[in-house]
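Here are some exercises to work through with the model open beside you. Try each task before you read its solution.

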Amino acid sequence: MTLLPLLLFVLPVLGMITVSLISDRKTAAIAALLISVVSFADICWKMAGFDPSGGFQYVFDQWWVEQLGISFAIGIDGLGMIMLLLTNLLVPLIIFSSFDRQIKSHKAYYGLIFFMQAALNGVFTSMDGFLFYVFWELALIPIWFICLLWGGSDRVRITLKFFIYTLSGSLVMLVAIIWLYLQTPAPHDFSLQSFYDLSLTASQQSWVFWAFFLAFAIKIPVFPLHTWQPDTYTDAPSQGTMLLSGIMLKMGLYGILRWMIPVVPQAVQQWGMLAVFLAAIGIVYASAMAIAQTDFKRMAAYASMAHVGLIAAGLFTLNLQALQGGVFQMVSHGITAVGLFFIADILQDKLKSNEMNDMGGLANSSRSFSLLFMVILLGSVALPLTGSFVGEFLLLGGIFAFNSWLSLIAGLSVILGAVYMLRAYNKIALGENTVAEAAFGKLTANEKILLIVISVLIIGTGIYPMPLLKIAEPSIVNILHHAGVNPI
């Protein structure tokens, strides 16, 4: 058995230790960036030797608590590879976004980012239900501290609400996992395959479905379990918001694919229409709320909710095209979300505000900012030749095959998205505002580099999406087979 899979945890832990030993903030930031790049290189190396049709690879499986059937079992299939690629790509970008910022207690700040990276890697590779729950809960700890210690003036109330929401959903999920464990043949175990092999009645599947749905819908979030999200995204420090929107919410979407659809397929088919309906309501609600916002960061928070609502709706259709689009859109949304919240960070840093009504004319002071902002904005509204176009096109096609009326509601996300994004661009970049223009000045070299990288990723995934689609397809087909659905 190879120990190479453990690099997914060894490298972030090494990052935590390294930054804790460095007193100078800039040196710590550079060290954190270098180690996070090595983590991304490790994933790229694994992907180079990965066979998408070969099932789980890079498997490490050792008993953790053998008497209880708990094992430290991790492995990577196509779906897991996509999520690992997203996680370990965005972490270096998130760390790099802090280079021009004065981060207080930088050792703890970067250490918590690495802690979260390790937990997320665990969530996306766990092949044991109890281990999945452990990593799921571990991912909550660092982001809670990041929001609590570096958040805004109302951070205590907001983070408490966030914590109660997510912990409550997680505990219900834990009850379902333990119940599934007790249904496995003696000696009981928590293995993913044992859960897949269970033969549950319709009523049993239904209650497990809602237990999982509660945890996953809170994390995504799906309407009406979303009320923690706008305040948390707005109040959190920029890097915290990037982690939340770019990666953490994908845990819920991933959980639907890995732990819900194959385990309780009958319940998914029974309740899928309701789940799609709730997601569609959330799309329209979040888009309308985004239009009403004057704070750019808060607008981006609602925009994120609308976009992931479309992904959630697509996953519950059990349509191959929609699931492919959903997985691809997880990547596209992660990249675009980091870009939008970095734009918000730049505005806050230079203008000390995200209030769009006080801005204007920034294209006059920095044409590079206005151009790169436009690329990220067009990626968010799914313009052709951007990655989001590929994902949303597949999603809407799959939802249309499921229910044409729901596809019309879900499709409003594209129209309404263009309304609030172009409105924001008009308020921020166009017109004239000599005070805002003078205060904004020019982009720093680091800011320009990061915006260019994000823009290249947005366009690159739109022009050449096939590598990601090919990696994910066999895993998606396998998930549908476990659900008893013919993907052809």
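## Exercise 1: Odd backbone spots

Tyr 58 sits in strand E1, which covers residues 57-65. Keep in mind that this is a predicted model.

**Task.** Work out what phi is near for Tyr 58, and decide whether Tyr 58 is buried or exposed.

**Solution.**
- Step 1: Phi of Tyr 58 comes out near 50°, which is positive in a residue other than glycine.
- Step 2: Most residues other than glycine have a negative phi.
- Step 3: Tyr 58 has 18% relative accessibility, so it counts as buried; the cut-off for buried is under 20%.
- Step 4: Now look at Lys 352, where phi is near 60°, again a positive value in a residue other than glycine. Lys 352 belongs to the loop between H14 and helix H15 (362-365), and it is exposed because its relative accessible area is 62%.

**Task.** Find out which peptide bond leading into Pro 221 is cis, and where Pro 221 lies.

**Solution.**
- Step 1: The bond from Ile 220 to Pro 221 is cis, and its omega is near -5°.
- Step 2: Pro 221 falls in the loop between helix H8 (202-219) and H9.
- Step 3: Carry on along that loop, as Pro 224 also lies between H8 and H9. The bond from Phe 223 to Pro 224 is cis, with omega near 5°.
- Step 4: For background, most peptide bonds are trans.

## Exercise 2: A salt-bridge network

**Task.** Start at Arg 101 and trace the network of salt bridges. Which residues are linked in it?

**Solution.**
- Step 1: Arg 101 and Asp 349 pair up through their side chains, 3.4 Å from N to O. Arg 101 is in the loop between H3 and helix H4 (106-123) and Asp 349 is in helix H14, so this pair ties together parts 248 residues apart in sequence.
- Step 2: Check the cover on each partner. Arg 101 counts as buried because its relative accessibility is 7%, while Asp 349, at 29%, counts as partly exposed.
- Step 3: Arg 101 also makes a salt bridge with Glu 447, and here the closest N and O atoms are 3.0 Å apart. Since Glu 447 lies in helix H20 and Arg 101 in the loop between H3 and H4, the pair ties together parts that are 346 residues apart in sequence.
- Step 4: Glu 447 is buried, with a relative accessible area of 1%.
- Step 5: Glu 447 has another partner in Lys 350, at 3.4 Å from N to O. That pair links helix H14, home of Lys 350, to helix H20, home of Glu 447, across 97 residues. Lys 350 counts as buried at 15% relative accessibility.
- Step 6: Put it together, and the network links Arg 101, Asp 345, Asp 349, Lys 350 and Glu 447. The total count of salt bridges is nine.

## Exercise 3: Empty space

**Task.** Which element gives the most residues to the lining of the largest pocket, and which gives the most to the lining of the largest cavity?

**Solution.**
- Step 1: The largest pocket has a volume of about 610 Å³. It is lined by 24 residues, and the closest to its centre are Trp 150, Pro 237, Ser 238, Asp 345 and Gln 348.
- Step 2: Helix H9 (229-235), helix H10 (238-248) and helix H14 (320-351) are the elements that give two or more residues to that lining. H14 gives the most, with five residues.
- Step 3: Turn to the cavities. There are two of 30 Å³ or more in the whole structure, and the largest has a volume of about 80 Å³.
- Step 4: Its lining includes His 307, His 333 and Ser 388. Helix H13 (296-315), H14 and helix H16 (367-380) each give two or more residues to it.
- Step 5: H14 gives the most to this lining too, with five residues.

## Exercise 4: Inside and outside

**Task.** Compare Leu 84 with Ile 463. Is each one buried or exposed?

**Solution.**
- Step 1: Leu 84 is in helix H3 (residues 78-96) and counts as buried because its relative accessibility is 0%.
- Step 2: Look past the neighbours within four places in sequence, and Leu 84 is in contact with Leu 8, Ile 43, Ile 76, Asn 121, Phe 124 and Thr 125.
- Step 3: Ile 463 is in helix H20 (residues 445-463) and is exposed, with a relative accessible area of 55%.
- Step 4: Ile 463 joins Leu 385, Ile 459, Tyr 464 and Met 466 in a nonpolar surface patch, with about 530 Å² of accessible area together.

Note on methods. Residues numbered from 1 in each chain as written. Predicted model: local features only at pLDDT ≥ 70, side-chain atom pairs only at ≥ 80, totals over all residues. Heavy atoms only, no water. Patch = residues over 30% accessible without salt bridge, like charges linked within 9 Å, V, L, I, M, F, W, Y side chains within 5 Å. Areas by Shrake-Rupley, 256 points an atom, 1.4 Å probe, with all protein chains shown as cover. Salt bridge = Lys/Arg side-chain N within 4 Å of Asp/Glu carboxyl O. Helix = DSSP H or I, 4+ residues; strand = E, 2+ residues; numbered from the N terminus. Buried < 20%, exposed > 50% of the residue type's maximum accessible area, 1.4 Å probe, protein only. Contact = heavy atoms within 4.5 Å. 1 Å grid on protein atoms, 1.4 Å probe; cavity = no way out; pocket = protein on both sides within 12 Å on 5 of 7 lines; lining within 4 Å. Points joined across faces, edges and corners; volume = space filled by probe spheres on them.
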